[in-house]
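Reader: Hello! I have a model open on my screen and would love a close look at one part of it. Could you walk me through it?

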Amino acid sequence: MNVHEHAQAASWRTLGSGMGERHLTIGELARSTGVATSALRYYEELGLMPAPTRISGQRRYPESATALVGTILLLRDCGFTLHECKEFLATHTRGDDWRELIRRKLAELDEQIARAQVARRAVAHALGCPHDELPACRNFTAALEARLAGLPLEEAHPH
């Protein structure tokens, strides 16, 4: 673990305390991250974020919570579910290797990309079809029969 990773893991472990940090209200955290207050409460409910301290009943988050929310946003942008985000963050707090989670996500993304490429080829092929009605197209009916026979799209439409 490099120095940056170690510091980030430590900040996730100590997020709840925020000793010496300025504290943000939920509204301030929402504005600084672009995440709705309802989503921040949901993250807390799911255990993605530790319960913040409360002052006069108001949630108060340490400034370091912005990095945690940013990490969740980045992971979501990369296709991680909220459950996977929680698992990823937990690997850091336990000192586990997060790379296996990343490897699994990469394999999943590769599968999604391959399916999307097949779908794109099928749609592009349909767009270039000279028939006015797709059911009149021999390729379309062959792909339809293959799909109904249980073949996946990449086998039903190999073009």
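In the hairpin of β2 and β3, which residue takes a positive phi?

Author: Happy to help, and please keep in mind that this is a predicted model. The residue you are after is S56, with a positive phi near 55 degrees. The hairpin that holds S56 has two residues between its strands.

Let's follow the strands on either side of that turn. β2 covers residues 53-55, and its pairing with β3 is antiparallel, with three bridges. If you want a pair to click on, try I55, whose bridge partner in β3 is Q58.

β3 itself spans residues 58-62, and it also pairs with β1, residues 23-25. That pairing is antiparallel too, again with three bridges. Here a good pair to find is T25 with R60, its bridge partner in β3. So β3 is joined by bridges both to β2 and to β1, in a sheet described by DSSP bridges between strands.

While you have the model open, you may like to visit the largest pocket as well. Its volume is about 190 Å³. Helix α7 (138-148) gives the most to the lining, with five residues, and α6 (99-127) is another element that supplies at least two. Among the lining residues are A122, H125 and A126, together with F140, L144 and R147. By class, the lining has eight nonpolar, three polar and one charged residues.

Key. Residues are numbered from 1 along each chain as its sequence is written. This is a predicted model: local features need pLDDT of at least 70, side-chain atom pairs count only at pLDDT 80 or more; totals for chains, interfaces and linings use all residues. Side-chain values use heavy atoms; hydrogens and water are left out. Helices (H or I, at least four residues) and strands (E, at least two) are DSSP runs, numbered from the N terminus. On a 1 Å grid over the protein atoms alone, a cavity is a set of points where a 1.4 Å probe fits but cannot get out, and a pocket is an open set with protein on both sides within 12 Å along at least five of seven lines; lining residues have an atom within 4 Å of a point. Grid points are joined across faces, edges and corners, and a volume is the space filled by probe spheres set on the points. Ala, Val, Leu, Ile, Met, Phe, Trp, Tyr, Cys and Pro count as nonpolar, Asp, Glu, Lys and Arg as charged, and the others, Gly among them, as polar.
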